[in-house]
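Student: Please give me a close look at one part of this structure, the metal site. Then carry on into the loops and the backbone.

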Amino acid sequence: MANLLAIAQGNYFQQKVNYYINVTLDDKNHQINGDITIDYTNNAPHELTEIWMHIWPNAFKNTHTAYCHQTLRQGSDKFYFSPKTDRGECKLLDFSVNGAKATWNYDPKHPDIARITLQQPLKSGQTIQIKTPFLVQIPSSFSRLGHVETSYQMTQWFPKPAVFDQYGWHPMPYLNQGEFFSEFGNFDVKITLPENYIVGATGLLMTNSEKDFLATKAIETQQLLQTLEKKPTQEKGKRRKTVEDPFPASATSMKTLHYQAENVHDFAWFADKRFLVVKDTAQLASGKTIDCWAMFTQSDVKHWKKGAFYVKRAIEFYSKHVGDYPWPQATAVHSALSAGGGMEYPMVTVIGNTDSDYTLDQVITHEVGHNWFYGILASNERDHPWMDEGLNSYYEQRYLRTYYGDNNMNMNLPKALYDPQKHGNLLETGILLLARIGENTPPDLNSDHMTNAAYGLQVYMKTAHCLRWLENAVGTSQFDTAMKNYFQKWRFKHPYPIDFEQALKANGLEAEWFMKTMTTRQNADPAIVRVSKKEDNSYELTVRQRGQLLAPFSITALSNGKEVTTQWFSPTKNQSTYLFPSVEADAFELNHQHLALDLRHQNNHIKTKGALKKAEPIEVKLLAPVENHQKKTLGILPWIGGNHYNGLMVGTLLYNPILPGQRLQYYLAPGFAFGNSKWVGGADLRYRLIPSKGRLKRITIGLNARSFSDDHRPSATDQFGDRFYRISPWLKTEFRSSNTALRQAAQVRWNHIGQEGGLNAKGIAQETFISNVWETQYQLSNLALPHPFDLTIGLEGQSWHQEAQHNQYLRLSAEWKQSFFYQPKRSVQLRFFGGYFLQNSLRNSESVGFTASQQRTRGAFSLAQNGYSDYKYDALFMGRNETAGLGGRQVNLAEGGFKYAFGWPYSNSGNVGHSNNLLLAVNLSADLPFKIPGLPIRPYYDAGFADLGFLNTNNTAPNWFWSGGLTLAFLKGNLNVHLPLINSSNLETLYNETSNGNYFRRITWSVKLNNLEPLEIADRFIK
Ligand SMILES: [Zn+2]
């Protein structure tokens, strides 16, 4: 949301906002109550007639806030279903301006944004005083502002003006993913609360008695740490598990803490009666000293005893590399936090749970580092999140490399799985994955329009990686100079991306390519195509730019795989030849140190003439999830399977690594069936095209093939069993949306299916029946809770000759599935299916059929999909053409979605439930509102209409069907057993005919992920 006034860019100005806040904590009712006075100075070159205010505690007021909507889009309904008593809000607001009651109103769309209309315009250079009482009902810990019992995280807690700058007003609702933008000023804050609270806060503590109180706490903590250290280790281990941190009762007497903070844009405080306190002092090169505090509870002692040291080390590191820390103190507190691993506020950061010294150091450093990137360089985090998170992550990683070495990013994965020499580093793999599958949202985008993965990998990691790339391309000292100058020029201001770019340029850095990595989806992909040696031992290397992004690249001369020397070069469009100075080398490699982001590494390596060729150009591996940068990988895995006709099947899976996403992804799975001695198998290939701009996200061209036996279980008389094969080329287009919960795709597929039949006495198939089915589909889904839906519209056709007759059909179908969650993880599911033959040469045929071998009407709609009616062979059936036994009772919940399985439609009565004309169905199922241990029951009810017009001459069966029963949903609904209880009379007749009074024969089963290909599963996993 941005109110754009046409103000010329370049007229930089900045408002000044001073705050005087006086509040009392009521820890019985979890409220703070008090008043706030805001001195607002208009430094814009023109007058203002309104002031936009953020009333962010109201984000937790109800389910109609942008915060709640975002959590639902991101798949969390915790806040949506929270009891009203856990929610929060800001009450008692009564704004006055310069002592006179003000006119103000809430934004109609956002209850956490308000607007004060000024009676008198606020002239340029003038100051007004805005005053209001306020009461904050503190919510439970859902996001940042909140409490866990009497541990308080007081953030985004007071009414605060939005930023007004050269681009206009920036009112924005509070969000979980997506941070902030605020005006600088001074804070004077008085907090009254029970005496035994320990408080970490923005600002300098002015209350002497409280300074003594903290000093005493620090001494007590030291003593406690010493006694803990003396205890034997085994007891320590025990203690860690059993120590709980009960909340002591609140003191009845109160104290008032007074804080002052200068030149900050926010004020946060954290209060807990259990905090231990550790203090350290940072020493800056300028001679300045900074008090560093860590506050934590006793159960965190193990890692947190070094907390203040980590704060100090981070303060010193950032001061040295970016610019001096400007404030008198820095505090890190450990607290419950429901938004990320940590959260930053000026001078104070809150850190969630961490499990090691390393992680604690990392998170503290990151959050302390935000004092620079956003605390001092106060960019608009919501619209340009890379300017704080990305820049800060770069320095955080540089800090980690300094103190822990280069190789700390790979999470100690086993080398066989992840070898940095062959696979780069894990973060790089993550960034490349997004680029290769088209999920690489530019980091310079509103945070609310990014998936969670893109926010983490693109904003934080890609930016950090690209800055390191820039640093190495220009040299560390030149890079540092540029960054220090940027800091000096923009400290305590609001820099925009253009300002960052200009700061780089002003210091002689070619920054255009870097800005493209932030604002576009372009990738660099230099490839080394030729090498020739000169007489003086220098080399001419030809490098071709295969990517759209032209960015500096490095060439490393290698000898026996070891780095000899590395040089950086500037790219040109297409290809150029570069001179590499005299060197002893047997190979050259681009991006050998993985400092750049190179879309494809496998075109980076070249051997010099005369170098010994390596024996194996391809690597064969059992487990190969990640691409090897140096050579192609063939993964080989054994597989085992079985079905009713093939019996036991054993085979080999040949595949290429799925990470970080291949342009051509494939697997081949040949196998042998021991039950009927036949070759079986499946294969899937897909080729991805990723447009670098526009609304198309991905275009995938695929080819799927499979062949198994589908009839005639081997027996004494029938030894061989016949089989089917299917080959399906397809093309799918997926679209982008700024709504992260929306998915939209269109697909065409052609299926060429062959079925063996007419077995002779020896069981050898005499003929193969062929059908060709083409289909096109449009899919739209919205994953947002609490009512996610999925819509599929399909058009399908077949055309075939049957003896002398030419037949064809064109059928239209639509499926709508929607879940209505009425409790967390409990929903009512509603599904509609409708199908109609737009054209059907056999519409009035006296029977229905599905497949080519049935030699009858093909493509009929079914109320219940069984093996024989899955004529496109999409689902996996254990006994595709069985009428009895376990295999015969498998049903696939498609088309009409009914759960019965009566076997082949041999007779007219068997045709019941199918239609060559029109079929409509509705399916209802629901979770019970309570759990019965061991009995995952979901009641269901299906109703449908199958037009049996073609039977009407000799059949009076009504066209309406219904059936209700219970589903036992095992394995989270992936394996379902259906128990029908009540049925329409026509179904009851069929049940009676086929089950002979045996209820167990009415029971059917289904599996959820029935038609998922391994690559489909992999695709879902990596998206
Ligand atoms: Zn951060």
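Tutor: Start with burial: a residue is buried under 20% relative accessible area, exposed over 50%, and partly exposed in between, using a 1.4 Å probe and protein chains only. The model is predicted, so local features need pLDDT of at least 70 and side-chain atom pairs count only at pLDDT 80 or more, while totals for chains, interfaces and linings use all residues. Residues are numbered from 1 along each chain as its sequence is written, and side-chain values use heavy atoms, with hydrogens and water left out.

Now the metal. The zinc ion is coordinated by NE2 of H366, NE2 of H370 and two OE entries from E389, at 1.9 to 2.7 Å. Donors here are N, O and S atoms within 2.8 Å of the metal (3.2 Å for Na, K and Ca); water is not among the atoms, so sites may look incomplete. Along the chain, the donor residues follow the spacing H-x3-H-x18-E. Both histidines can be placed by burial. H366 is buried at 7% relative accessible area, and H370 is buried at 2%.

What is the arrangement of the four donor atoms around the zinc ion? It is irregular, because the angles they subtend run from 53 to 156°. Four donors count as tetrahedral if all angles lie between 85 and 135 degrees; four count as square planar and six as octahedral if opposite donors are over 155 degrees apart and all others between 65 and 115; anything else is irregular. For reference, ideal angles are 109.5 degrees for four tetrahedral donors, and 90 or 180 degrees for six octahedral ones.

On to the loops. Helices (H or I, at least four residues) and strands (E, at least two) are DSSP runs, numbered from the N terminus. E439 sits in the loop between helix 9 (426-437) and helix 10 (452-474). E439 is buried, at 13% relative accessibility. Its side chain makes a polar contact of 3.3 Å with that of K697. Such a contact is a pair of N or O atoms within 3.5 Å; within protein, one must be able to donate a hydrogen and the other to accept it, and residues adjacent in sequence count only if both atoms are side-chain atoms.

Last, the backbone. A cis peptide bond links L659 to P660, with omega about 0°. P660 lies in the loop between strand 35 (647-655) and strand 36 (664-673). E149 is not a glycine, yet its phi is positive, about 50°. E149 is exposed, at 53% relative accessible area.
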